[in-house]
Amino acid sequence: MLEPHDLYQAREIVLKALNDALATPGLEPRILQKLEPAGPGLKKAAEELAQGDCFHPAYRIANPASTLGNDVYFRTDPARAASLLRLSLRLLDSISGKGDYTKTLDFCRTRLAALGDVAPEPEPIEAVIPSTTGIPGTTAFPGTSGATAAPAIDAGGLPPVAPTIPAQVTEAVLRAPDAVPGASATTGALAAEAAPGEPTGPAGPVVPATPNAPTATATATSAMSAAAAPSAPTSSPTSTVPSASATSDPLSPDTNERYSSSGLSWPRLMKDWHAEGGDLSVEQLIDRFQEDMEARLQSTPGAAKLLLPTLREDFAALRGEFEGLMYPGTAPRSIWTRAVNARKCCLSDQTNDADLVDPSEKAEVRIRWLASGTWNFALQQVWKTNLHQVVTDILGYLSALQIQTRYNPDEREVLLAATELIPLLTLNLRDTELQKVQFVHQWLRHSVGTHLLVGGPEPAMPEDSKFDRRVQDPNAPNRHLGRENWAVHLLTEWATEKEQDKRTSVALALLILSGWNTDRVDRMLTILFHNNPYAAGPTAAETRRVKEVWQAEVSEMLATSRTVHVVKNPWVVASSVSNSLSTSERDASVQLPDRVLKAVTGELFDDQPSTVLNGAPFRDSRVPTFLCHNEDGAFGVLKIDAVDRVRREKHNWDKYAKKLHGSYRASECLVGTTVVTNSSSGEGYQGIRTSYVFRRRDVPKTLTGWLRERKVEDPGPVLEELFVEALRPWLSNARRGVGDLRTEYPVLRPAGFERTTFGPARHAGTELASFRLPEVAETFGVPGGLDWRHPTLAPLLEGSALGAGALAQAFDYAPRTNPLWLAAQVGEVPGDDGETPALVDSLLHHPDHGLTTTSYLSCTSHGDLHGDNVLISGDDPTRPQLHIIDFETTHIGHVCKDFARLESALWSRVFTWQPEQLKGLRTWFVEALAGPSLWDPKVPEDVDPEVRSTLLAVRKLRTILKKCEQPLWPMHDSEYQWALFASLLPFARYPDSDAPDNRFLAFLFAADVAEALTAWGKD
């Protein structure tokens, strides 16, 4: 089923062909009689389209197309006949299965074959270049009992306002002004206004058209002719409307010869502009317009940053195309003509834009919008009221970009940036200005609908958006709504009681699109719902109710967000994010602007008169995490994370965290209803608040921050309280079982493993792929990232930043085992190495300590127990109060997991190590990797305080873990070595360490552990 805009275009083509035929002298009475039903049928088709019906109009348009192609143009204009017959085929094919059109389809194919034109497979009508509007006049339709006068076919059957026609993909804006109540005769082409003392247009003052005036179409036609070349005769190259025989087949246009409704083409315009000349160079004008356009886009810095590379490339291409071009700076009417003609070509280009594949063709469409904007910008210098036309061309450029990216998953961020900017710029225009360019309303409809579906609650992937179930036509199960109807349909559906849980998320999207202003939200809703073309849309009464729902929701969201204040937000870079959640290109870390943060979390603090959020204590966290303060001091932790992780954390808090003593865990866990979409991945993010019992004088800090302050020489007692007291309900209930230890650690886990209670979507393949990311490659200085195919480290060290690091320089790591290679072998990652080495086979299947059949202890495991997930408060530095946070990954797992995770964090996340410190750490680490030293390593007295503090902490962790074993079944060294190996590797790729040497340490320590593992495997 074709969409409404496809059928509007097809109707225009047939309408033009019909009027040309009726204007032909000497047309046979037999043919006139066959054409008699065509006029009323085309009018009826327009009325049905306005009601949202796409089935009946298809055959009402296809029948006259077939008749015209066969009976009128078959002999006089074969090219036009072929176009009409092929158009009839496409229309009837779109409704095949809903009626018997076999005879007509076969007839059309037969006639096409007779013309020597074999009909291709049906193509989208979007590929059609629309023809001009109807030609006014009267024609006699002779009947069997004599001739009766009938009015000529015109645009009167179109819907009541122009915005019902998708201006992104049609030339509806050049139709008669009687389709736009209150619009001037030049609406759509270019309604440039004059400065005081100037005429309103080159053709004289413009008189508003009367909607039902019989001469309205004629007025529009003459106005468009005047707009094309006001001082030239209508036969000039820039204003002549080509005859039917002169028009190329509209179904297969030359990319560089796309005709607008006035018959203009871009090469022809360029030739005329160069020939016309002028007294000013266009080069400086382009520079000034680019500066102006970039400044307007900077109202949303993140969106601007995403678009600027493409925009600057397009401006550079425009300079090349306009090279040597002059323009008449003292002749505004001539500039006005250029702007009019450029706009017409742009609107014609946009018709085919969605079907363009070649990037250069897509760029052409955008460049021509910039050219139109350049002429309007020049005109604005003398006609100050022409600013809205400049903004309109900017909107046209963004609309073209939106069309070109709306089905591309790789350009999701660009798509959402364009759909965010279009409403913001549109709502900057005054109502009187929007009235003059009403087709912009349609761009607004498209942008808001696309943004809500792709960037709203439960976002669709761009490539799937057109057929998403939520935009299915309620009146036709197998048909989907046109994009211009999405916004009204979605907002109406989401305003119902059954969708109440999505309201806050939709309110957030509306605020983002309106610039966080309730008045602008009201105005946007008015434009969306006014004269809505969607036949199945809400009634007037329901529209009022729907608008009231969203007005109340956005007002409530703004009110609650005003009670939240942000003093430190490490997860925002103003120049790299838009008003919605995003990620940075460099390291894929979440970026969250303050305004969105407050809107997402306001509902979680509605019991507080005022809340202050401070992210400084958690600056190294993977996702935005904040300490919450009210007038009584710190009271909780707020986190913004992916929806599935937030819901898992709530589930785990209920299932596991409540088993801990109330003084060590949160007393309350609340999850918000507002979901904001990550613009780069499409993932939904949600807020979760956990409340703790802090005293007013408490200043909670993370365990990492507490260790950095070095208030005590030996952190051992604090770690003992953490594991022996705080986590006692988890650890004390350990039980032994036999299983495959690889399932406990994603970096060791084969793909598709049957037991994946922890990180179910992760395995060795996905983990190793993370080491090939550009950010990892840049940090380690290894082109293409860290490769797992080399058994030793030599290839990764040579000429790299890793090889130049302090550890690699101090110790010979070249012959040591590549930890990624070992992980790949154990995790059965496909490679080119043939059979599994005997060494790896021993590690996997050793009868006593093989990974695949290991007897090990399991207990409740936090899953992510690093220093930032433990808070410390209280006055006594030796016996502080401990609070455990973030239970998203809590599960029943290997007893070694939390110990190895925290040890890995102590090595790489607490202190920024200097070269000499690194040497001492590495020497100690290797000596404490096996035997008695693994479980109770000695700590030297005469070492650096930071080194000693870390060594004491690591020793305490290992001694506590060793005591968790069962006397008759003690832990084998390899059990902790595997846990440490699998925990160290991820810290090497985490982007939250500012010191590359710290990440090198985690990687090379993993290599040391790999060496120890392969050593006992050889035994």
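Begin by selecting Trp788 and Arg789 in this predicted model, where the charged end of Arg789 sits over the ring of Trp788, at 4.5 Å from the centre of that ring. A second arrangement of this kind can be found by selecting Phe74 together with Arg111, since Arg111 lies over the face of Phe74, 3.7 Å from the ring centre.

Next, turn to the aromatic residues, which form 25 aromatic pairs in the structure. Select Phe289 and Phe315, an edge-to-face pair with 5.7 Å from centre to centre and 70° between the planes. This pair links distant parts of the chain, with Phe289 in helix H9 (residues 282-297) and Phe315 in helix H10 (residues 301-321), 26 residues apart. Are these two residues buried or exposed? Both Phe289 and Phe315 are buried.

Keep Phe289 selected and add Phe377, with which Phe289 forms a tilted pair, 5.7 Å centre to centre and with 40° between the planes. Here too the pair links distant parts of the chain, for Phe377 belongs to helix H12 (residues 359-380) and stands 88 residues apart from Phe289 in helix H9. Phe377, like Phe289, is buried.

A further selection, made up of Trp266, Trp273, Phe322, Tyr327 and Trp375, shows one aromatic cluster. Trp375 leads on to the largest nonpolar core, which has 239 residues, and in which Trp375, Trp978, Phe981 and Phe1003 touch the most other members. Colour helix H38 (residues 996-1018) next, as this helix supplies the largest share of that core, 13 residues.

To look into this core from one residue, centre the view on Phe981 and set aside its neighbours within four places in sequence; the residues then in contact with Phe981 are Leu748, Pro819, Leu822, Ala823, Ala1006, Val1009, Ala1010 and Leu1013. Another core, of 41 residues, lies apart from the largest one, and Ala10, Ala17, Leu22 and Leu84 are among its members. As background to both selections, nonpolar side chains in soluble globular proteins tend to be buried together.

The last stop is helix H17 (residues 486-494), which is mostly covered, with eight of its nine residues buried. Which residues of H17 are the buried ones? They are Trp486, Ala487, Val488, His489, Leu490, Leu491, Thr492 and Trp494. To see what surrounds them, display helix H16 (439-455), helix H18 (503-514), helix H19 (518-529) and helix H20 (540-561), against which the buried residues of H17 pack.

How values were computed: Residues are numbered from 1 along each chain as its sequence is written. This is a predicted model: local features need pLDDT of at least 70, side-chain atom pairs count only at pLDDT 80 or more; totals for chains, interfaces and linings use all residues. Side-chain values use heavy atoms; hydrogens and water are left out. A nonpolar core is a set of buried Ala, Val, Leu, Ile, Met, Phe, Trp, Tyr and Cys residues joined through side-chain atoms within 4.5 Å. Buried means under 20% relative accessible area, exposed over 50%, partly exposed in between (1.4 Å probe, protein chains only). Helices (H or I, at least four residues) and strands (E, at least two) are DSSP runs, numbered from the N terminus. Contact means heavy atoms within 4.5 Å. Rings of Phe, Tyr and Trp (its six-membered ring) pair if their centres lie within 6.5 Å; planes under 30 degrees apart count as stacked, over 60 as edge-to-face and the rest as tilted. A charge sits over a ring if NZ of Lys or CZ of Arg is within 6 Å of the ring centre and within 35 degrees of the ring normal.
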